Amino acid sequence: VLEYAGGISRQFGAKAALRADYVYRDYRDFYTSQTDTSTGKVSDSLGQQYDLTLIVNSNVPKRKYQALNTQGTYRFNARTDVGGTYTLSHAWGNWEGENVGSGPITAGFLQYPEYKQASWNYPEGDLQIDQRHRARIWVDYGLPMVSGLTISALQTLETGTPYGASNINNTSSNGVDPRFYVTNTFGYLTPPTGATSTYFFTARDGFRLEGQKRTDLALSYNYGVGSGPRKIDLFMQAQIINVFGQEQLCGCGGTVFQNGGGVTQTRIDQTVRTSVSHPALYQSFNPF
C-alpha cells in the first residue's frame, strides 16, 4: 500500500484544541490466482491432469481509501471536558481483500478469464467498509460534590455500509454458468461452473444498510489511598451500553464474542435465485 498523509492542529489557549488529518491509501500487488492458457497443466502421481493455478501479484484487483479525520476538545477543568471526532471517508474498488473467516484472501480475477467479464464478475464501486460518515461526541463531567466521581456520555453516529445483489464464490451454488456460452477452444480441463462464478445482478454498492445511532453512559470513581511515592489509586467503572436500545440494521459487527468493531454483512441474505439453484423455476441467460 502507498499511503500519503498530512495534518494540521491548533491549540487555543490552555483549554481547547482542534486537529484535522487527511490520508490516502492506494493498495497494490494483491495475491491473485492465475489460471489461463499460459499456466498450462500439471499431473499428479497417478497421471491425472489438472489446470495449473499460480499465485501471482496483480493490480487487476483494486482497492483505494481516503479520509478526512477531525477532532476537537475543550477542557473546562481537570475533571470536566467535551469533545468529538468526525471522519469523512471513502473506500472503493473491485476487491474487498478479506472476509470474516479468513482475513486476507486471494483474488480469482485471473482464473479462466475467457469465462467472465469485469462488468459483472468484479465491478468497481464502494466497498463493504465504506462507512462514509462516522462521528463520536462525548462529555465527561466531574461531580463537584464527590471528589473522584465522573459521569461520561458517548454518542455514536454512523452511516450505513453498501452491498449489492450478487452470488459470491463458494457461498452458494446459484451463480451463472458461463460454460454454455463459451466454446472451450482453450483446452481447459475444468472451466468454471455456476457454483463458482460470481455474478453481480446490481451495482457493487447497489444498496446501503441503515445508519447507526447509539448512546453509552459510564460512571467512574477514583480514590487515592496513602500519599507520596507509595500512593495507590483505586478505581471502579460501570458502563451502560446503548442506553435507549437503538438497534438499527447497520451490519457493523457480530456478537460481543466476535469482532464487534468491524463491518460484517454475514447476517444479511444477499442470495439471488437463478437457473443454477432452481432450474425448474428460472431460465438460464447469457451473461455476455
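Which residue forms a salt bridge with D126, and how far apart are the closest N and O atoms? The partner is R132, and the closest N and O atoms are 3.1 Å apart. Keep in mind for every view below that this is a predicted model.

**View 1. The D126 salt bridge pairs a buried acid with a partly exposed arginine.** D126 comes out at 14% relative accessibility, so this aspartate counts as buried. R132, on the other side of the bridge, has 25% relative accessibility and therefore counts as partly exposed. For a sense of the wider picture, the structure holds 12 salt bridges.

**View 2. D216 and R214 form a salt bridge, with a look at a network elsewhere.** Here the closest N and O atoms are 2.8 Å apart. D216 is buried because its relative accessible area is 8%, under the 20% cut-off. R214 has a relative accessible area of 25%, so this arginine is partly exposed. Zooming out, salt bridges with shared partners tie D126, D130, R132 and R208 into one network; the D126 to R132 bridge of View 1 sits between two of those members.

**View 3. R179 and D177 meet through their side chains in a salt bridge.** The N to O distance is 2.8 Å. R179 shows 37% relative accessibility and so counts as partly exposed. D177 has a relative accessible area of 12%, which means this aspartate is buried.

**View 4. Y22, L68, Y86 and L88 make a nonpolar surface patch.** Its area is about 330 Å². If you want a way in, start at Y22, which is found in strand 2 (residues 16-26). Is Y22 buried or partly exposed? The tyrosine counts as partly exposed, because its relative accessibility is 38%. That value also clears the cut-off for patch members, which need over 30% relative accessible area.

**View 5. The second largest pocket has a volume of about 250 Å³.** Its lining has 17 residues, and those nearest the pocket centre are D140, S152, A153, A218 and Q237. Which strands each supply at least two residues of this lining? They are strand 13 (133-142), strand 14 (149-158), strand 19 (212-225) and strand 20 (232-240). If you're thinking about the chemistry of the wall, the lining residues split into seven nonpolar, six polar and four charged.

**View 6. S58 and R28 sit 30 residues apart along the chain, with their C-alpha atoms separated by 7.5 Å.** S58 is found in strand 6 (residues 54-58). With 9% relative accessibility, this serine counts as buried, since the cut-off is 20%.

**View 7. D29 has a positive phi without being a glycine.** Its phi is near 55°. The residue has its place in the loop between strand 2 and strand 3 (30-35). D29 counts as partly exposed because its relative accessibility is 46%.

**View 8. Y112 is another non-glycine residue with a positive phi.** What is the phi of Y112 near? The value is near 50°. Y112 is found in the loop between strand 11 (107-111) and helix 1 (118-121). How does the side of accessibility look, buried or exposed? Y112 is buried, because its relative accessible area is 10%.

Definitions and conventions
Residues numbered from 1 in each chain as written. Predicted model: local features only at pLDDT ≥ 70, side-chain atom pairs only at ≥ 80, totals over all residues. Heavy atoms only, no water. Patch = residues over 30% accessible without salt bridge, like charges linked within 9 Å, V, L, I, M, F, W, Y side chains within 5 Å. Areas by Shrake-Rupley, 256 points an atom, 1.4 Å probe, with all protein chains shown as cover. Salt bridge = Lys/Arg side-chain N within 4 Å of Asp/Glu carboxyl O. Helix = DSSP H or I, 4+ residues; strand = E, 2+ residues; numbered from the N terminus. Buried < 20%, exposed > 50% of the residue type's maximum accessible area, 1.4 Å probe, protein only. 1 Å grid on protein atoms, 1.4 Å probe; cavity = no way out; pocket = protein on both sides within 12 Å on 5 of 7 lines; lining within 4 Å. Points joined across faces, edges and corners; volume = space filled by probe spheres on them. Nonpolar A, V, L, I, M, F, W, Y, C, P; charged D, E, K, R; others polar.
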